[in-house]
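Colleague: Pick one loop of this model and take me through it closely, please. After that, set it against the rest of the chain, with your cut-offs spelled out.

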Amino acid sequence: MLTGDSRGHAPAEHAPAIWTVMADVVHVLRLRGDNAAADRVHETLANAGLKCEWTVVSSPDDFTAALCRDVRLILADNSARGFTACQALRLATEHRPEVPFICLADDLEEQDIVDRLKEGAADCVSMQRLDRLPAAVHRALREGDERSLRRSADAMRVFLENLLSASPSMVFRFDPETHALTYVSPNIGWLLGYAPDEAVGAADFWDRVLHPEDRVRLFARLAEAIGNLVAQIDQECRYRGKDGRDRWFYTLLRIEYDLEARPVAVFGYALDIADRKAAEEQVRQARAFSDSIIEHLPAIVFVKDARTLRYVRFNNAAEEMLGLDRDEVLGKTEAELFPA
């Protein structure tokens with residue numbers, strides 16, 4: 001690759017479409033225009049203390065390829081021929097909208113400036129007022145960095161929303177005084193059947209969703225926790241879906257306090273434990289069934305702890321045949337119950 005001098009001039013008649021002048025800090029993509037104008041631009045920025053790495057292009061393909069690099073600023077001279085500043089602006093807006101684009105021109109009508117700004121340009125600077133360029137560049141770079149941060153934050157937010165959407169854990173935030181929701185994760189839709197906008201701000205949301213017994217208990221515990229500056233409480237609660245069915249959720253509430261120990265928000269996490277509760281119910285029913293059989297057998301059935309040989313179970317038939325109440329027997333050994 002052939003490189004130009006520090007002013008961006010090509011060293012040969014058939015110079016390549018792209019060349020780069022290495023300097024420092026800011027990578028600037030420039031649409032090639034008049035060389036004399038380019039000299040003035042580079043000199044103005046250098047005198048203002050801006051060190052730039054320049055990539056100069058003159059075709060749509062080269063411009064698009066350069067956009068894939070770590071570009072922080074685009075300067076387009078309106079005097080460029082063939083591939084114009086307007087075409088470059090459209091490509092930049094399509095491929096790298098977060099990179100600030102500054103138009104340079106000798107004579108732009110006010111309507112032209114308005115049109116460029118509407119199309120996505122960060123600024124338009126007249127070649128007759130190049131003293132404005134350094135300030136415009138600083139402002140555009142600052143705004144470009146802010147846009148990049150916002151895009152990163154938005155991408156992270158979308159990632160987290162998608163992650164939560166597929167999770168069996170519902171996340172929410174509510175006001176510690178009114179209990180009105182200020183946020184709920186989108187998976188409330190498939191967990192409870194509500195859209196987020198049906199829940200956020202709804203005064204009766206908890207009345208509709210939480211089982212009355214669990215609601216009273218949970219918010220009583222929350223009030224007690226706030227009174228004692230406790231940071232976290234948890235409870236298993238029944239949540240009623242929009243279809244009228246109850247599901248069990250493990251609910252964790254974390255209280256955020258300000259510097260004066262006043263509660264400012266309550267963050268909640270509700271994990272669907274319906275399957276676990278169903279399994280526990282199956283175990284309970286199986287145990288109740290086996291207990292019923294053991295209690296109605298016409299034969300003595302007892303169970304002892306293998307280590308201490310103390311009675312841990314004693315059925316009805318054992319009580320009747322031995323004349324002992326099970327409360328007298330449980331926890332004792334034979335030596336404590338019967339003579340030698």
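**A loop with a positive phi**

Modeller: Ala261 lies in the loop that links strand E10 (246-257) to strand E11 (263-272); helices (H or I, at least four residues) and strands (E, at least two) are DSSP runs numbered from the N terminus. Before going on, some ground rules: this is a predicted model, with local features needing pLDDT of at least 70 and side-chain atom pairs counting only at pLDDT 80 or more, while totals for chains, interfaces and linings use all residues. Residues are numbered from 1 along each chain as its sequence is written, and side-chain values use heavy atoms, with hydrogens and water left out.

Now the odd bit. Most residues other than glycine have a negative phi. Ala261, not a glycine, has a positive phi near 65°. Its relative accessible area is 35%, so Ala261 is partly exposed (buried means under 20%, exposed over 50%, partly exposed in between, with a 1.4 Å probe and protein chains only).

Leu229 makes a handy companion: phi is positive there too, about 60°, and Leu229 is not a glycine either. Leu229 is in the loop between helix H9 (212-227) and strand E9 (232-240), and at 49% relative accessibility it counts as partly exposed.

Back by our loop, Pro263 has a partner from far along the chain: its C-alpha atom is 8.5 Å from that of Glu177, 86 residues away in sequence. Glu177 belongs to a loop as well, between strand E7 (169-174) and strand E8 (181-184), and is exposed at 71% relative accessibility.

Zooming out, the protein has 13 helices and 13 strands, and 36% of its 340 residues are buried. Of the contacts (heavy atoms within 4.5 Å) between residues at least 6 apart in sequence, 50% join residues at least 24 apart. Arg40, in helix H1 (residues 35-47), gives another long-range example: its C-alpha sits 8.2 Å from that of Leu130, 90 residues along the chain. Leaving aside residues up to four places away in sequence, Arg40 touches Met127 and Leu130. At 38% relative accessible area, Arg40 is partly exposed.

For helix packing, look at H2 (residues 60-67) and H3 (residues 85-95): their axes come within 10 Å and cross at roughly 30°. That makes H2 roughly parallel to H3 (under 35 degrees is roughly parallel, over 145 roughly antiparallel, 65 to 115 roughly perpendicular, the rest oblique). Axes here are lines fitted to C-alpha atoms over the stretch in contact, with angles from 0 to 180 degrees between N-to-C directions. The crossing is right-handed, meaning the near helix is turned clockwise from the far one by less than a right angle. H2 brings Pro60, Phe63, Thr64 and Leu67 to the contact, and H3 brings Ala88, Leu91, Ala92 and His95. By class, that is six nonpolar, two polar and no charged residues (Ala, Val, Leu, Ile, Met, Phe, Trp, Tyr, Cys and Pro are nonpolar; Asp, Glu, Lys and Arg are charged; the others, Gly among them, are polar).

Last, the cysteines. There are zero disulfides, a disulfide being a pair of cysteine sulfur atoms within 2.5 Å. For Cys124 the nearest cysteine sulfur is that of Cys103, 4.4 Å away. Cys124 is buried at 9% relative accessibility, and Cys52 is buried at 6%.
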